[in-house]
Every structure is written in C-alpha cells, then in structure tokens.
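Me: Got a minute to go through this one with me? I'd like to start with what counts as buried.

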Amino acid sequence: MYVFGYLRASTSEQDATRAKKALRDFALLHNKRVAGWYVDNVSGTTMNRPELLRLLDDAEPGDVILIEQVDRLSRLDDEGWNILRKQIADKQLSVVSLDLPTSYLALNNSVTDDFTHSMLKAINGMMLDMLAAISRKDYVDRRRRQAEGIVRAREEGRFRGRVADLAKHELIRNLRITQAKSINETARLAGVSRATVIRVCRQAEQVKEPS
C-alpha cells in the first residue's frame, strides 16, 4: 500500500507548505510515509485537474489518497462527485482525510472482523458523501453572497470591478517572459495560479500585436 498526498493549493505558497507538512506529520503518526505528492492550482469545482487525474492513473488497488480536508478533493456538484467517487472505487483506492476520523481505518489493519470492517467502511463512505455535499454547498453559498454583494454595490455606485495588481502582473511577465521560467515555476514564485500566469502572459502578447 502506498500513500499519495493530494493538495489543491491556494495561491499562497505558505498555505501549501503548511498543508503539506500537516499531511506528512499525520502519515508519520500512523507509521506511514507519503510516497508522492500531487498538487493542483485548480478549482475543486471541476474534474479537469491534471494532478488529480495523474494520481488516479498512477495509483494501484489498495493505495491511499491522503488529503487535509474533503473540500480539497471536491467541491463538485452531485454528478461530478459521483463520477469521481466511481473512479476512486474502480481503482479500489481509499480516501483518508484529516477532518474525517472514520477514514483513518484505511491506514491500519487493527480491525480484522469482516462485519466490523464493512460497517466502518460504509459509515466512512456516508460521511465522505456528506462532507463533499457540504463543501459544494459552502462554495455555492459564498458565490451567491458575492453576487448579491456586487449587485448592492452597483446599486449604490460603489462597484468598480476587480482592480488588476499591476506589480504582481509585472512580476509574472518578468519571470515568464524575461527570465523564461516555466508556467509552474512562475506560478510558484509569484504566488498565483497557473491560470493567472497564462492569462497575464496572453494579455502581454496581445499588447505587442500591431493594430
């Protein structure tokens, strides 16, 4: 059995480092070692996450996906979550989440009774489904509140839209275009997502084009 750490990192390198340490410490506490790390800088609302898909492809039956919280694995809607759950089940993988104690069963063999093992596995599956649904609801609620706030701000004449971080954009252009850093390295050094790096560089290229 191999344990693979999956991180859906925010734009903060500090947060990603903290989460990675938490997963490593947890694995060591259970006498396990994280065999590999997979880090996405993509929203949990999409299945189009290269590192998650690579993990699912690399893992073998009996291996464990270790996450800090269920929302790191999924903020998918019901259809998307069902697809992901099936992919995990088809590969016979276990999900262990630090915020879901019932999932820790996958890291030890202390339960030898088949009935007890089946019951705990069923309970864990139910809890995993519930936390995935809560993660999705939290995402939807925050988006709704954000949209409502924008509407109120527009009505009161206070909404100006997102103001570009010019210094951050200049750093991205310098790293990616001037220093020829890779997209991943630029995103890491600038503390932004891959999507932001691609967007800023595309905008820079458009500015260079003659009218």
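Reply: Sure. Buried means under 20% relative accessible area, exposed means over 50%, and partly exposed is in between. Keep in mind that this is a predicted model.

Me: OK, with that cut-off, how many of the six residues of strand β1 are buried?

Reply: Six of the six, for residues 3–8, so strand β1 is largely enclosed by the rest of the structure. Both of its faces are covered: Val3, Gly5 and Leu7 are buried on one side, and Phe4, Tyr6 and Arg8 are buried on the other.

Me: Which strands does β1 pair with, and in what sense?

Reply: Strand β2, residues 34–40, pairs with β1 in the parallel sense over six bridges. Strand β3, residues 64–67, also runs parallel to β1, joined by three bridges.

Me: What stands opposite arginine 8 in β2?

Reply: Aspartate 40. On the β3 side, valine 3 of β1 stands opposite valine 64.

Me: Zooming out, how many helices and strands are there in the protein?

Reply: Eight helices and four strands. Along the sequence the pattern reads β-α-β-α-β-α-α-β-α-α-α-α.

Me: And how much of the protein counts as buried?

Reply: 34% of the 211 residues. The protein exposes about 13,100 Å², and carbon and sulfur atoms supply 51% of that.

Me: What about contacts, how much comes from residues 24 or more positions apart?

Reply: Those make up 68% of the contacts with a separation of 6 or more.

Me: Switching to electrostatics. How many salt bridges does the count come to?

Reply: 14 salt bridges. One of them links arginine 142 with aspartate 138, where the closest N and O atoms are 3.3 Å apart.

Me: Why are arginine 142 and aspartate 138 separated by about one helical turn?

Reply: Because they sit four residues apart in helix α5, which covers residues 114–155. Arginine 142 is partly exposed, with a relative accessible area of 39%, and aspartate 138 is partly exposed too, at 33%.

Me: What does arginine 144 form a salt bridge with?

Reply: Aspartate 141, with the closest N and O atoms 3.7 Å apart. Arginine 144 and aspartate 141 are three residues apart in helix α5, about one turn of the helix.

Me: Is aspartate 141 buried or exposed?

Reply: Buried, because its relative accessibility is 17% and the cut-off is under 20%. Arginine 144 counts as partly exposed at 40%.

Me: OK, over to helix α7. What is the closest N and O distance between glutamate 185 and arginine 188?

Reply: The closest N and O atoms of that salt bridge are 2.9 Å apart. The two residues are three apart in helix α7, residues 183–190, so about one helical turn separates them. Glutamate 185 is partly exposed at 27% relative accessibility, and arginine 188 is partly exposed at 40%.

Me: Which residues do salt bridges with shared partners join into one network?

Reply: Asp71, Arg72, Arg75, Asp138 and Arg142.

Me: Last topic, the nonpolar patch on the surface. Which residues form it?

Reply: Leu120, Ile123 and Met126, with about 250 Å² of accessible area together. Methionine 126 has its place in helix α5.

Me: Is methionine 126 buried or exposed?

Reply: Exposed, because its relative accessible area is 54% and the cut-off for exposed is over 50%.

How values were computed
Residues numbered from 1 in each chain as written. Predicted model: local features only at pLDDT ≥ 70, side-chain atom pairs only at ≥ 80, totals over all residues. Heavy atoms only, no water. Salt bridge = Lys/Arg side-chain N within 4 Å of Asp/Glu carboxyl O. Buried < 20%, exposed > 50% of the residue type's maximum accessible area, 1.4 Å probe, protein only. Patch = residues over 30% accessible without salt bridge, like charges linked within 9 Å, V, L, I, M, F, W, Y side chains within 5 Å. Areas by Shrake-Rupley, 256 points an atom, 1.4 Å probe, with all protein chains shown as cover. Contact = heavy atoms within 4.5 Å. Pairing = 2+ DSSP bridges.
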